[in-house]
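This report introduces the pockets, sheets and aromatic pairs of one protein model. Please consult the sequence and structure shown here while reading.

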Amino acid sequence: MQILSLACWNYDRCEPLIDGRVAIDGVQLQPNVIYPTEIFARAFTEASFDICELSASSYVMQVAQGQCEYAAIPVFVSRAFRHGGFYVRADAGIASPKDLEGRVIGVPEYQMTMALWARGILQDDYGVDCRTFKTRTGGTNKAGRKERLPLVLPDDMDVRPIDDAETLNDLMLAGALDAMISPMTPQAFTDGDSRIRRLFADPTAEERAYFQRSGLFPIMHVIGIRRRLVDANPKLAVDVFKAFVAARRIAMDRLEETATASANRLHLPWVAAEWEATRALMGNDYWPYGVAENAADLEALCRYSYEQHLAPRHLDVGELFVPATVDLPGR
């Protein structure tokens, strides 16, 4: 029995692995529940874990550079529509996405997957020239955040870190930023400060319309396995993949039981209505793993990384994953 560490957040689709309901063949798992940002900081610098959650954008960067310690399997434990993550200063005169052109825009990290998708969506869906952005990087509400990997950007791109003692939230309130793209909600917005508002008044409606147009459900995080472990035992990647697929199935079934039960287990009054609306729009099995099931999303991810000068070359989707897992069904 091989003892391997796992680091991921306690998503419902990972909990069956964390609590032992699902096992990996031939593996005694040592799970570590850690917030993704901390996992990424450790994974891409010291490769602390045997199996771990990885930023999709940072992983694409490292694979394109030929220097990643991990080999990914097509398991996408984090996905998110991100139209709700665009914030603007109420007095900045920004009424539509095109009004972002030429503006000073804050983002926690230029390379982060959320920002990658946000710029790609602005470009493809709204015709925004993101090359005109004056990008400032740093923590949304907590000072001191840095890029986890070094950037090599063209000289004509204006991407600079803010001071170590500053936050994007404070700079928005001070008028130094026109807008912010962030997966974390700025504290001022949480507090109801009228000086900051969302770019899209109804981000959920915007996200649903985006899915109807594009068919894309943005992939944020993948699962990686130490490359040396996979090289020594190619079957390990297949076994890990199958275990994550089984765990996802348990979570999807559990959600269906919750949504269709006569008594609601959750503190969400309309969970059943949301579940029904999601299935009506995206299909009954709307969170698939696997390469074939996610080909368009993965192709967009690779293209955006190259177009935004993160990956030094345009990767083929198949290069991202352990070969033995590329053709495995993800449902």
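## The second largest pocket

The second largest pocket holds about 470 Å³ of space. A pocket is an open set of points on a 1 Å grid over the protein atoms alone, where a 1.4 Å probe fits and protein lies on both sides within 12 Å along at least five of seven lines; lining residues have an atom within 4 Å of a point. Grid points are joined across faces, edges and corners, and the volume is the space filled by probe spheres set on them. This pocket is lined by 22 residues, of which Tyr35, Pro36, Arg82, Pro183 and His221 are the closest to its centre.

Two or more lining residues come from each of helix 2 (36-43), strand 4 (70-79), helix 4 (113-126) and strand 11 (219-226). Helices (H or I, at least four residues) and strands (E, at least two) are DSSP runs numbered from the N terminus. Helix 2 gives the most, with 3 residues. The lining comprises 12 nonpolar, 5 polar and 5 charged residues; Ala, Val, Leu, Ile, Met, Phe, Trp, Tyr, Cys and Pro count as nonpolar, Asp, Glu, Lys and Arg as charged, and the others, Gly among them, as polar.

## Basis of the model

The model is predicted: local features need pLDDT of at least 70, side-chain atom pairs count only at pLDDT 80 or more, and totals for chains, interfaces and linings use all residues. Residues are numbered from 1 along each chain as its sequence is written, and side-chain values use heavy atoms, with hydrogens and water left out.

## The largest pocket

The largest pocket has a volume of about 1200 Å³. Its lining has 39 residues, and the closest to the centre are Leu255, Glu274, Thr278, Tyr286 and Trp287. At least two lining residues are supplied by each of helix 1 (15-18), helix 7 (203-214), helix 9 (235-260) and helix 10 (271-282). Helix 9 provides the largest share, 7 residues. By class, the lining divides into 19 nonpolar, 7 polar and 13 charged residues.

## The sheet of 5 strands

One open sheet has 5 strands in the order 2-1-3-11-4, with mixed pairing; two strands pair if DSSP finds at least two bridges between them. Strand 2 (27-33) and strand 4 stand at the edges with a single partner strand each, so one side of each has no neighbour in the sheet. Neighbouring strands are turned by 30° against each other on average, direction ignored. Strand 1 (residues 2-8) pairs with strand 2 in the parallel sense over 7 bridges, and Gln2 stands opposite Val27 in strand 2.

Helix 3 (residues 56-65) packs on this sheet, touching strand 3 (51-55), strand 4 and strand 11, and its direction makes about 95° with that of strand 3. Contact means heavy atoms within 4.5 Å. Axes are lines fitted to C-alpha atoms, for helices over the stretch in contact, and angles run from 0 to 180 degrees between N-to-C directions. Helix 4 lies across strand 3 and strand 11, at about 140° to strand 11.

## The sheet of 6 strands

Another open sheet has 6 strands in the order 8-7-6-9-5-10, again with mixed pairing. Strand 8 (158-161) and strand 10 (196-198) are at the edges, each with a single partner strand, so one side of each is left without a neighbour in the sheet. The twist averages 25° from one strand to the next. Strand 6 (residues 104-107) and strand 7 (residues 134-137) pair in the parallel sense over 4 bridges, with Lys134 in strand 7 as the bridge partner of Val104.
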